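Q: Please take a close look at a single part of this model and describe how it sits among its surroundings. I would like a connected account rather than a list, and it may follow the neighbouring elements outward from there.

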Amino acid sequence: MASSYLLQSPNFSSNLKLPSKPNTVKATPRFLSIKAAASSSSSNTPANTASKGNNIRDEARRQYLTNPPQNQNFSAKYVPFNTDPVTNTESYSLDEIVYRSQSGGLLDVQHDMSALKAFPGSYWRALFDSRVGKTTWPYGSGVWSKKEWVLPEISSDDIVSAFEGNSNLFWAERFGKQFLEMNDLWVKHCGISHTGSFKDLGMTVLVSQVNRLRKMNKPVFGVGCASTGDTSAALSAYCASAGIPSIVFLPANKISIAQLVQPIANGAFVLSIDTDFDGCMQLIREVTSELPIYLANSLNSLRLEGQKTAAIEILQQFDWEVPDWVIVPGGNLGNIYAFYKGFNMCKELGLVDKIPRLVCAQAANANPLYLYYKSGWDEFKAVKANSTFASAIQIGDPVSIDRAVYALKQSNGIVEEATEEELMDATAQADSTGMFICPHTGVALTALMKLRKSGVIGPTDRTVVVSTAHGLKFTQSKIDYHSNNIKEMACRFANPPVSVKADFGSVMDVLKKYLSKTPK
Ligand SMILES: Cc1ncc(COP(=O)(O)O)c(C=O)c1O
Ligand SMILES: N[C@@H](CCOP(=O)(O)O)C(=O)O
């Protein structure tokens, strides 16, 4: 049972309240002025604002008061995932603390699509494009630049953001040509981000909503998650930025040092538990049902509302042209659904006319989705996940299995797997062309290599590989690979440093040997 101490309402200092938005649409909707929404007139640039002693939050408030959005009644609620809305009318406000439907199934955030459809696709494209590259609060974030599609009802004042998103979509020119005979291969670097993984996209949404709930005096003492290292890093950073306690459950000795140090440094309460991720996930689910700790894993569908913006961003970066393939590494399987949802919303709301085919890539040592796919979606069986260099996806009982299957079926998708040797070789090959990717991205690249080899993906197909974390979080596995220090692995692309005496002759000998071997 929660102690009364834990249930005390949190204090908060902001006494500035924004007026509530009009919640009715007038008979003839006048389209919102894009310029007003993006709020970037030259005399009110953030630079000018700062020089007047205000900050970008103050400026957002002022803009809202002087130019409130007209005719917007956008809203969203929780509904049971993938059930018939005619026979199942169960729904919950996003201000409720609920993670599962009455029947114990997953929930989904459902937007009022008819309100969004009152505006044509061209309107949304122009609005989103107008917000890129600015520091206007909160639209400078790649997530909040799509606020109307994410959490339409939250006040900008409650948002906790590190201006995440807007990550680089990198043309993998050399890797594509050299290893795959492809000329239109792209890597979406979601790991080049505040805490070094795509989790920031979902966490800004979840922690912002928690910030709002705490201001509403809801019983949320802190926020907790189980993690293989990236969710915990993002959760602790966003919570620290908002002054909210965070609690993280980590499987002992199964995450990288770079990941472990992140929540420690950000002041989270860190539990190192002698189990694997699936064991930690089970524990956090039990704990969050007993204590006023809000669940931050992607079982909580709020997270996916932020993560889906990476898909919208990809379309935006291609000037709203749809790629043929998008390949995503999968573990707990929230992200593959988030990508589907982002693409599908763009189609439903008329920004594009189709969606890409999705590929979910798993490590062979933790491959329950792959086995399910290979069985013809016959029967799902959780597995005991074995140790993998792609440690963030060492998950045997993914909470979002139903979401992933739905996304793959709707997108004519494919599931592939990568052995340890394949994923480490692919990582080394990508790095040798100037990238510095994480092993999970190596899993996705392996899937691409296999699908190219079998001819499923063609040489001119526009393909996007989603890179989910920064390579700097996984340096130990790279060191082991390049030192030829991995048992039963040939490490074919290892590039070990050469030790040489500190004299001119020795250095010259080594260099001459190197130059004679290196192709001109
Ligand atoms: C770096 C990285 N890549 C991929 C994934 C897989 O994402 P998901 O769990 O949403 O399938 C995770 C987390 O699970 C991750 O941390
Ligand atoms: N890789 C994840 C695993 C948990 O996934 P989540 O999306 O359900 O939080 C991590 O970094 O913890």
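A: A residue is called buried when its relative accessible area is under 20% and exposed when that area is over 50%, with partly exposed in between (1.4 Å probe, protein chains only). Helices (H or I, at least four residues) and strands (E, at least two) are DSSP runs numbered from the N terminus. The model is predicted, with local features needing pLDDT of at least 70 and side-chain atom pairs pLDDT 80 or more, while totals for chains, interfaces and linings use all residues. Residues are numbered from 1 along each chain as its sequence is written, chains are lettered from A and ligands numbered from 1 in the order in which they are written, and side-chain values use heavy atoms, leaving out hydrogens and water.

The part chosen here is helix 8, which spans residues 173-180 and has F175, G176 and L180 as its buried residues. Seen around the axis, these residues cover an arc of only 100°, which puts them on the same side of helix 8; the arc is taken from the directions that lead from the helix axis to the C-beta atoms. The elements that cover this buried side, in contact with it (heavy atoms within 4.5 Å), include strand 5 (185-189), helix 18 (420-431) and helix 19 (439-453). Just after the helix, E181 takes a positive phi of about 50°, and this is worth marking because most residues other than glycine have a negative phi.

Strand 5, one of the elements that cover helix 8, leads further into the structure. Strand 5 and strand 13 pair in the parallel sense over five bridges, where pairing requires that DSSP find at least two bridges between two strands. Within this pairing, L185 has T463 of strand 13 as its bridge partner. Strand 13 itself runs over residues 463-467, and because five of its five residues are buried, it is largely enclosed by the rest of the structure. The side chains divide between two directions, with T463, V465 and S467 pointing one way from strand 13 and V464 and V466 pointing the other way, and every one of them is buried.

Strand 13 also has a parallel pairing with strand 10, over three bridges, and here I327 finds its bridge partner in V465. Before strand 10 (325-329) comes a loop that begins after helix 14 (309-317), and this loop holds D319 as well as W320. Each of these two residues carries a backbone angle to be noted: the phi of D319 is near 55°, a positive value in a residue other than glycine, and that of W320 is also positive, at about 70°, although W320 is not a glycine. Their surroundings can be set side by side, for D319 has a relative accessibility of 62% and so counts as exposed, whereas W320, with a relative accessible area of 10%, is buried.

Another helix can be described in the terms used for helix 8. Helix 11 comprises residues 257-265, and Q259, Q262 and P263 are buried in it. Looking down the axis of helix 11, one finds its buried residues within an arc of 80°, so they line one face of the helix. On the other side of helix 11, I257 and A265 are exposed. Among the elements that cover its buried residues are helix 10 (230-242), strand 7 (246-251) and strand 8 (269-273). Just after helix 11 there is again a positive phi, of about 80°, this time at G267.

A further backbone feature lies in the loop between helix 6 (121-131) and helix 7 (147-150), where P138 has its place. The peptide bond that joins W137 to P138 is cis, and its omega is near -5°.

As for the chain that holds these parts, its secondary structure amounts to 21 helices and 13 strands. It has 520 residues, of which 56% count as buried. When contacts between residues at least 6 apart in sequence are considered, 72% of them join residues at least 24 apart. The pairing of strand 5 with strand 13, which begins here from an element covering helix 8, gives one local view of the chain, and the pairing of strand 10 with strand 13 gives another.
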